[in-house]
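Biologist: I am new to this structure and would like to go through it slowly, one question at a time. Could you show it to me before we begin?

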Amino acid sequence: MRTRRAAVTGAVTLSVVFAATACGGGTAGGSGGSDSQPKTLTYWATNQGPSLEADKKVLQPELEKFEKQTGIKVKLEVIPWSDLLNRILTATTSGQGPDVLNIGNTWSASLQSTGALLPWDEKNFGAIGGKDRFVGSALGSTGAPGKDPAAVPLYSMAYALYYNKKMFAEAGIAKPPTTWAEVDAAGRKLSRDGKWGIGVEGSNLSNNIHQVFVLGKQHGADFFTPDGKPDFTSEGAVAAVKQYVDLMAASKIVAPGNAEYAQNQSLSDFAKNRTGMVLWQTPSQTFAAQGMKPEEWGVVPAPVASGTPGQGAQTNSMVAGINISVFKNTRNLDGALKFVKFMTGDEEQILLNKTYGSVPPVKTAQADPAFATDSLAVIRDTLATSASALPQVPEESQFETVVGTAVKELFADAAAGRPVTAESVRAKLDKAQQQMPKK
């Protein structure tokens, strides 16, 4: 999923939704048609481009193409990440939701447990060409193990290390880092004269979770036990969070102001030659919108201690991406299935993923030469060999909120000059664990 999202907080929480009878989905107001009169569909799209308007310009011509093919008009709303999860949760209880919607793939199991989303059983997958069309790693983030998926992969992404070639040349750094020790060394050379080594989004809860989850894998921690219970205070989890925050607190290669970043400011700093590196998912479109040319940046796999990504302790990314789902009580199931088939067809997969700088989760589309570029090859190879799915548990969204907030608070401590110790990290994570639902 894209890291623009701020994890859900406030009045609408998953614990409330789980306690309610899920009734969401379907076009409100009786305008959505039915299987016998498939006139319209409503579609909530995620913000994939540099702005909501940019996404509308990308998607609207494709929706008009679908209408010409099927006679079904699609009413589009692009929803910012900061609002999307709360909007979805409200829809699951109010019944005033869309027919089809995009979701961050890390939410799949959480939203699946509400009962509001259409299960993708063999029949429903058959209606869109079959489950085996999709890459296995992408299917791993579509719902809880052992259950029919709650979503279908739409855009696949992974984290990589992006580096600013001009800043690297000025600092005398001959090659991009592949280990954390090399990131630290390069960062120290880059951090001078008001410039900094690496950017973070310290107030972006999702981004925090993505980074510490990967570092957790590298330290042998999963944040949940095999039976799904929170395990936030293990030695590996504490070490992972401390390592991430120490980029600012100890190594001092992150600007203190990054503690407040939550809206892609680190990408702007990178494009404006203020930050030498960022760990990100497919940022090329944002770099271009900031005026940065493709030849001005490079990309390598995200770092691991050994320098060689792989499985287990060599994991260097979570399986990022966007899934597409259907509300179970849509009044136009036939139209919704046709639309999902359209969006996951080779033509749309190639066009949309090429536009957004992501990789198709559909095998045949992924083989297109458009995804053989150096930058996308890094993403494709990471997804195939060294990415792991975030825990597919119903409490995943609460995990993002409470642990993401703990990391945010630790970055605030680092920015203010307060010490970040193993004990202070453990205390924050223990507090986060106490906020999780009891099993």
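Biologist: Which residue in strand 2 does Tyr 43 stand opposite?

Modeller: Please keep in mind that this is a predicted model. Strand 1 covers residues 40–46 and is joined by seven bridges to strand 2, the two running parallel. Across this pairing, the residue in strand 2 that stands opposite Tyr 43 is Leu 76.

Biologist: Which strands stand at the edges of the sheet that has the order 2-1-3-10-4, and why is one side of each left without a neighbour?

Modeller: The sheet is open and has five strands with mixed pairing, in the order 2-1-3-10-4. Two of its strands have a single partner strand each, so one side of each is left without a neighbour in the sheet. These edge strands are strand 2 (73–79) and strand 4 (152–157).

Biologist: Which helix lies across strand 1, strand 2, strand 3, strand 4 and strand 10, and at about what angle does it run to strand 10?

Modeller: Helix 2 (residues 52–70) packs on this sheet as well, but the strands it touches are strand 1, strand 2 and strand 4. The helix lying across strand 1, strand 2, strand 3 (100–104), strand 4 and strand 10 (320–326) is made of residues 333–343. This is helix 13, and its angle to strand 10 is about 155 degrees.

Biologist: Are the rings of Phe 339 and Phe 342 stacked or edge-to-face?

Modeller: In general, a pair of aromatic rings is described by the distance of the centres and the angle of the planes. Phe 339 and Phe 342 are three residues apart in helix 13, about one helical turn, and both are buried. Their ring centres are 6.5 Å apart and their planes are at 20 degrees, and planes under 30 degrees apart count as stacked, so the pair is stacked.

Biologist: Which residues form one aromatic cluster with Phe 339 and Phe 342?

Modeller: The count of aromatic pairs comes to 19, and Phe 339 with Phe 342 is a stacked pair. The cluster that holds these two phenylalanines also includes a residue that stands opposite Leu 76 in strand 2. The other members of the cluster are Tyr 43 and Phe 66.

Biologist: On which residue is the kink in helix 10 centred?

Modeller: Helix 10 spans residues 235–249, and its buried residues, among them Tyr 244 and Val 245, pack against helix 9 (205–218), helix 17 (396–415) and helix 18 (422–434). The kink in this helix is about 25 degrees, and the residue at its centre is Gln 243.

Biologist: Which residue in strand 7 stands opposite Leu 161?

Modeller: A further open sheet is formed by four strands in the order 6-7-5-8, with mixed pairing. Within it, five bridges join strand 5 (residues 159–164) to strand 7 (residues 275–281), and these two run antiparallel. Opposite Leu 161, the residue in strand 7 is Leu 279.

Biologist: Is Lys 252 buried or exposed?

Modeller: Lys 252 has its place in the loop between helix 10 and helix 11 (265–271). Leaving aside neighbours within four places in sequence, Lys 252 is in contact with Ser 191, Trp 196, Asp 246 and Leu 247. Its relative accessible area is nevertheless 53%, and because values over 50% count as exposed, Lys 252 is exposed.

Key: Residues numbered from 1 in each chain as written. Predicted model: local features only at pLDDT ≥ 70, side-chain atom pairs only at ≥ 80, totals over all residues. Heavy atoms only, no water. Pairing = 2+ DSSP bridges. Contact = heavy atoms within 4.5 Å. Axes fitted to C-alpha atoms, helices over the stretch in contact; angles between N-to-C directions. Phe/Tyr/Trp six-rings, centres within 6.5 Å; stacked < 30°, edge-to-face > 60°. Buried < 20%, exposed > 50% of the residue type's maximum accessible area, 1.4 Å probe, protein only. Bend = angle between axes of the 7 residues up to and from the residue.
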